[in-house]
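Here are a few notes to go with the model, for reading with the structure open beside you. I've kept them in the order I'd click through things.

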Amino acid sequence: MKVFVWPWFIFAMIFLHLGRFEMLAADAAVVNAEFIFEKAPFRQCHASTIAEARNGLVAAWFGGTREKNQDVGIWLSRYDNVNWTPPTEVANGVQSATTRQPCWNPVLFQPRKGPLLLFYKVGPNPSEWWGMLTQSEDGGRTWGKPRRLPDGILGPIKNKSIQLANGDILCRSSTEDHGWRVHFERTTDAGAGWQKSEPVNDGLKLAAIQQSILSLSEGHLQAVGRTRQQRIFEISSLDGGKTWDEMRLTQLPNPNSGIDAVTLKDGRHLLVYNHTVRNRSPLNVALSADGKAWEAALVLEDTPGEFSYPAIIQTADGLAHITYTWKRQRVKHVVLDPGKLKGKPIRDEAWPE
């Protein structure tokens, strides 16, 4: 009997150690994890954004009593190479001495040339809000006077813009006033003038918003985003975002919550999303070689609570930086070394153990 049991015991131990090795390998990709702030002068926060300015990292989010409250403003923190600076309110929705509207969904973007841009929305709800833009010449320390974007232009709704090879900035925009519809906005002069595409979905049969853009090759873009159909959508462009093919649902789940994605310098792609059709936990990182087939790479959070609305960038040093809502109480910042991430197949839509 022992002769037969012993090999199976060895096999089981090897299997367990291999599983542990894979888990440790994933953990090794996490360079740092921290809260951007521990205490703040607002009760709730949500919808963070992060950018690498010319003098370091900058993060922003909206904060106030609760989402939709008139006291919700845009708050910002800078990383000084040691710590994050205390949160500072850099924009609000004050319209007059007696009128104030809530602020929504800031989006930071650093073009190759020019000032750091901060887009955000102001208005009573996503069906009625309007786009705002302010700029910083000193990496987020001070900000110019905010200005309202032209009628019909909202700027990026949640996720960062992308700057094309010709210098155009392509914004990932969407609307919620006639169903959930995705469109794209383009500026050739850092926000002075704008062009807007027609919606690329009907908003009803496939209701989608808040897309991210991946760069598959020169001129070949892939957008992925949030839907009400319990799946992440994808849509492609072969001409730098001027025209788009038909929107499709992927096999990746989505609980009607925001996602974000980035194309890495080595050509791979990272996607941060909730791998579930309900609630906003867990929060996961998936990896793809082609922007189409995704593999499981890392679980950022898997306990009860809300972990949502991620933002992800890759900085000049090659590291990936993720920020996300942590239980509506804080903004969490996780730094990854993408070179240490390894993908595992996602079979039957189930995240591998």
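Which residues does Thr276 touch, not counting residues up to four places away in sequence? Point 1 takes that up, and the other points move on from there.

1. Before anything else, keep in mind that this is a predicted model. Now to the contacts: leaving out residues up to four places away in sequence, Thr276 touches Pro253, Asn254, Pro255, Ser281 and Pro282. You'll find Thr276 in the loop between β19 (269–273) and β20.

2. Is Thr276 buried or exposed? Its relative accessible area is 16%, and buried means under 20%, so Thr276 counts as buried. The side chain also has a polar partner to look at: one of its polar atoms lies 2.9 Å from the backbone oxygen of Arg278.

3. Follow the chain out of that loop and you come to strand β20 (residues 283–288), which pairs with β21 in the antiparallel sense over 5 bridges. If you want a register check, Asn284 has Val299 in β21 as its bridge partner. The hairpin of β20 and β21 has 6 residues between the strands, and Gly291 takes a positive phi near 80° there. Strand β21 itself (residues 295–301) is mostly covered, with 5 of its 7 residues buried.

4. Next, have a look at the open sheet of 4 strands, ordered β2-β3-β4-β5 with antiparallel pairing. Its edge strands, β2 (44–53) and β5 (88–91), each pair on one side only. On average, and ignoring direction, neighbouring strands of this sheet are turned by 35° against each other.

5. Within that sheet, how many bridges join β2 and β3? There are 8 between β2 and strand β3 (residues 56–64), and the two strands pair in the antiparallel sense. A handy spot to check by eye is Ile50, which stands opposite Ala59 in β3.

6. Last, the largest pocket, which has a volume of about 720 Å³. It is lined by 24 residues, and the closest to its centre are Phe109, Gln110, Val262, Ile313 and Gln314. The elements that give two or more residues to the lining are β2, β6 (103–109), β10 (162–163), β14 (208–217), β18 (260–263) and β22 (307–314). Strand β2 turns up again here: the largest share of the lining, 3 residues, comes from β2. So if you colour one strand for both this point and the sheet in point 4, β2 is an edge strand there and a contributor to the pocket lining here.

Key:
Residues are numbered from 1 along each chain as its sequence is written. This is a predicted model: local features need pLDDT of at least 70, side-chain atom pairs count only at pLDDT 80 or more; totals for chains, interfaces and linings use all residues. Side-chain values use heavy atoms; hydrogens and water are left out. Two strands pair if DSSP finds at least two bridges between them. Axes are lines fitted to C-alpha atoms, for helices over the stretch in contact, and angles run from 0 to 180 degrees between N-to-C directions. Buried means under 20% relative accessible area, exposed over 50%, partly exposed in between (1.4 Å probe, protein chains only). A polar contact is a pair of N or O atoms within 3.5 Å; within protein, one must be able to donate a hydrogen and the other to accept it, and residues adjacent in sequence count only if both atoms are side-chain atoms. Contact means heavy atoms within 4.5 Å. On a 1 Å grid over the protein atoms alone, a cavity is a set of points where a 1.4 Å probe fits but cannot get out, and a pocket is an open set with protein on both sides within 12 Å along at least five of seven lines; lining residues have an atom within 4 Å of a point. Grid points are joined across faces, edges and corners, and a volume is the space filled by probe spheres set on the points.
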